[in-house]
Amino acid sequence: MTTTVYARVESPLGELLLVGEAPDGSAEDGGGSVRLVSLSVPGQKGGAVVRDGWIHDPGAFAEVAGQLEAYFAGRSTRFDVPLAEGVGTEFQRRVWAALESIPYGSTVSYGEVAARVGASGAGVRAVGTAIGRNPLLVVRPCHRVIGADGALRGYAGGLERKKLLLGIEGGVGRAGA
């Protein structure tokens with residue numbers, strides 16, 4: 001059995017909502033075993049909302065909060081946090097794994113992601129939908145996917161936030177960089 005825990009963390013994107021799963025009992029003992037389920041921004045399309053029964057436990061997210069702070073300050077280029085398993089469909093998980101392989105400071109097109117998961121051609125739309133359902137903004141870098149023409153396209157947190165994240169990474173408009 002697990003308990004759902006959450007915390008809010010300030011960031012340049014606005015107040016982030018972190019949601020995680022903690023094995024029963026661990027939420028009270030320092031949260032070292034919390035697995036991140038969701039990281040969303042205010043007004044995010046499809047973003048998480050706090051539900052009845054969730055436990056507010058900022059301490060459970062101390063590690064991810066520190067990694068986010070380092071990322072936004074330009075001191076870190078990657079995240080190493082435990083993620084919840086079994087989230088999303090098998091296809092979504094393949095797409096999300098492809099996102100995790102995009103290097104910091106680089107961008108790729110939706111078509112390139114589709115090719116990586118064997119869904120080129122008409123599958124690009126399905127890839128775009130899977131990317132749009134990524135529950136772990138920032139940590140799983142869907143912001144690094146742009147249009148084939150280099151234009152910023154689709155981001156559940158809003159294009160201004162996508163531009164800000166790419167600016168932090170120095171990857172604005174550099175498809176294939």
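The second largest pocket of this predicted model holds about 250 Å³ of space. Of the 13 residues in its lining, R78, F79, E100, V139 and P141 are the closest to the pocket centre. Sorted by class, this lining has seven nonpolar residues, five charged residues and one polar residue.

The largest pocket encloses about 520 Å³. Its lining is made of 26 residues, and Q44, K45, G46, G132 and R133 lie nearest the centre. Here the classes divide into 13 nonpolar, 10 polar and three charged residues. Two elements, β3 (35–40) and α4 (123–132), each give at least two residues to the lining of the largest pocket. Helix α4 provides the largest share of that lining, with four residues.

The table sets out the two pockets by volume and lining.

| Pocket | Volume | Nonpolar | Polar | Charged |
|---|---|---|---|---|
| Largest pocket | about 520 Å³ | 13 residues | 10 residues | three residues |
| Second largest pocket | about 250 Å³ | seven residues | one residue | five residues |

Strand β3, which contributes to the lining of the largest pocket, is also part of an open sheet of four strands. The strand order in this sheet is β3-β2-β1-β4, and the pairing is mixed. At the edges are β3 and β4 (55–56), each of which pairs on one side only. Strands in a sheet are joined by backbone hydrogen bonds, in either a parallel or an antiparallel arrangement. Between β2 (residues 16–23) and β3 the sense is antiparallel, with five bridges. Within this pair, L18 has L39 of β3 as its bridge partner.

A helix lies against this sheet: α1 (residues 62–72) packs on it and touches β1 (2–9), β2 and β3. The direction of α1 makes an angle of about 150° with that of β2.

Turning to the whole fold, the protein chain contains five helices and six strands. Along the sequence these elements follow the pattern β-β-β-β-α-α-β-α-α-β-α. The C-alpha atoms of the protein chain occupy a box of roughly 50 × 35 × 25 Å along the principal axes.

How does the radius of gyration of the protein chain compare with that of a compact globule? For 177 residues, a compact globule would have a value near 16 Å, and the protein chain has 16 Å, so the two agree.

Technical notes: Residues numbered from 1 in each chain as written. Predicted model: local features only at pLDDT ≥ 70, side-chain atom pairs only at ≥ 80, totals over all residues. Heavy atoms only, no water. 1 Å grid on protein atoms, 1.4 Å probe; cavity = no way out; pocket = protein on both sides within 12 Å on 5 of 7 lines; lining within 4 Å. Points joined across faces, edges and corners; volume = space filled by probe spheres on them. Nonpolar A, V, L, I, M, F, W, Y, C, P; charged D, E, K, R; others polar. Pairing = 2+ DSSP bridges. Contact = heavy atoms within 4.5 Å. Axes fitted to C-alpha atoms, helices over the stretch in contact; angles between N-to-C directions. Rg over C-alpha atoms; globule rule 2.2 N^0.38 Å.
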